[in-house]
Number of protein chains: 2
Amino acid sequence: MRPEPARARREELLALEHFLPYRLSVLSNTVSGRIAKFYEARFQLTIPEWRVMAVLGRFPGLTAAEVTERTAMDKVQVSRAVARLKKTHRIEQRAVEGDRRARHLFLTETGHGVYAEIVPFARDYERRFTAGLSANERAQFDRLLDKLTAAAGTL
Amino acid sequence: MRPEPARARREELLALEHFLPYRLSVLSNTVSGRIAKFYEARFQLTIPEWRVMAVLGRFPGLTAAEVTERTAMDKVQVSRAVARLKKTHRIEQRAVEGDRRARHLFLTETGHGVYAEIVPFARDYERRFTAGLSANERAQFDRLLDKLTAAAGTL
DNA sequence: GCAATATAGTTTCATCTGAAACTATTATCA
DNA sequence: TGATAATAGTTTCAGATGAAACTATATTGC
């Protein structure tokens with residue numbers, strides 16, 4: 001059975017490869033996928049776990065709720081990442097004075113070791129990733145990303 | 001128990017909010033999430049399903065393998081999206097002459113209806129999303145996205 | 001002070017996902 | 001031709017995910 005010729009249609013077409021949300025998604029998934037593969041192979045670490053470690057490296061003692069505020073993660077993701085990081089001895093908890101629901105989170109000695117190894121890798125990956133852009137292009141891209149992120153939040 | 005003051009560390013810190021892969025991921029997830037919510041609410045359609053419909057709207061008769069080539073999806077995702085789209089009567093299949101493994105995929109009349117409604121929405125969403133950018137900025141961003149996507153592929 | 005409400009964090013449940021195994025068919029080549 | 005390898009597409013399985021329900025604790029308002 002031979003496909004009959006398509007009847008002429010008046011409908012607008014859309015080229016996925018020029019559609020900005022699609023392009024963003026492809027780039028983001030490629031980049032995150034590669035990074036995730038490295039973290040997994042080298043440290044058995046997921047990206048949510050790394051994000052928690054990253055903010056705790058910079059802001060020791062945040063609670064899980066505060067980690068949630070500082071990352072684009074929800075509290076379930078944070079709770080799970082924290083549970084795994086405790087099990088693998090990368091973070092530890094200390095009581096919050098005056099609130100027995102929450103706990104301060106800190107990188108352990110082990111956690112700091114992982115952190116100290118990942119940071120240079122991350123910087124280097126980013127450097128290689130943007131090596132084809134001039135400093136000016138890189139700044140421009142950053143600025144436009146900011147604008148778009150703000151815009152996306154209000155749509 | 002009062003947290004003891006953190007011992008001074010020599011380690012480099014990394015600000016997640018300036019890390020390009022993180023920023024890309026946040027923007028992409030925000031944008032895709034909003035679009036997904038709309039597709040789901042309006043059409044009970046997932047993003048993988050929409051991607052399949054989008055390429056079939058433009059290239060009627062592709063096989064699943066060809067859809068895989070033209071989208072950033074793997075064959076499992078395509079297979080599942082195709083199965084759902086058949087069940088909801090948005091696409092139909094016709095035999096490929098000389099190869100009984102593959103089938104040509106086409107939007108049905110129903111599928112064209114959905115497609116014809118989504119395309120203007122998608123264009124409009126993109127327009128609003130980039131409304132804060134000048135034509136020049138928009139072109140610049142597109143160009144840099146291309147560069148970065150190419151770079152990410154080779155890392 | 002105590003009932004109602006809010007918050008921190010966890011668990012459950014149903015769904016989604018990717019990798020690998022699988023079936024059916026086609027291509028290669030000795 | 002028949003054995004082997006490659007390809008199209010599907011299914012299975014184990015783990016990831018998000019929404020909603022849940023526990024424990026804290027805050028608010030009467």
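**DNA strand D and the aromatic residues of chain A**

Let me start at DNA strand D, where, of the 17 residues around the strand, Arg100(A), Ala65(B), Ser79(B), Arg80(B) and Arg101(B) come nearest; please keep in mind that this is a predicted model. By class, the surface near the strand has 8 charged, 5 nonpolar and 4 polar residues, and of the strand atoms within 4 Å of the protein, 52% belong to sugar or phosphate, with the rest in bases.

As for individual contacts, a polar side-chain atom of Arg80(A) lies 2.8 Å from a base oxygen of DNA strand D, and a side-chain N or O atom of Arg80(B) is 2.7 Å from a base oxygen of that strand. The elements giving two or more residues to this surface are α4 and β2 of chain A, together with α3, α4 and β2 of chain B, and the largest share, 4 residues, comes from α4(B).

Turning to the aromatic residues, the structure holds 17 aromatic pairs over all chains. One of them joins Phe38(A) and Phe43(A) edge-to-face, at 6.4 Å centre to centre and with 80° between the planes; Phe38(A) is partly exposed, because its relative accessibility is 28%, whereas Phe43(A), at 6%, counts as buried.

Trp50(A) and Tyr115(A) have ring centres 5.9 Å apart and planes at 35°, so this pair is tilted. The pair links distant parts of the chain, with Trp50(A) in helix α2 and Tyr115(A) in helix α5, 65 residues apart. Trp50(A) is buried at 2% relative accessible area, and Tyr115(A) is buried at 0%. These four residues belong to one aromatic cluster, which includes Tyr39(A) and Phe121(A).

Key: Residues are numbered from 1 along each chain as its sequence is written. Chains are lettered from A and ligands numbered from 1 in the order in which they are written. This is a predicted model: local features need pLDDT of at least 70, side-chain atom pairs count only at pLDDT 80 or more; totals for chains, interfaces and linings use all residues. Side-chain values use heavy atoms; hydrogens and water are left out. A residue is near a molecule or strand if one of its heavy atoms lies within 4 Å of it. A polar contact is a pair of N or O atoms within 3.5 Å; within protein, one must be able to donate a hydrogen and the other to accept it, and residues adjacent in sequence count only if both atoms are side-chain atoms. Ala, Val, Leu, Ile, Met, Phe, Trp, Tyr, Cys and Pro count as nonpolar, Asp, Glu, Lys and Arg as charged, and the others, Gly among them, as polar. Rings of Phe, Tyr and Trp (its six-membered ring) pair if their centres lie within 6.5 Å; planes under 30 degrees apart count as stacked, over 60 as edge-to-face and the rest as tilted. Buried means under 20% relative accessible area, exposed over 50%, partly exposed in between (1.4 Å probe, protein chains only).
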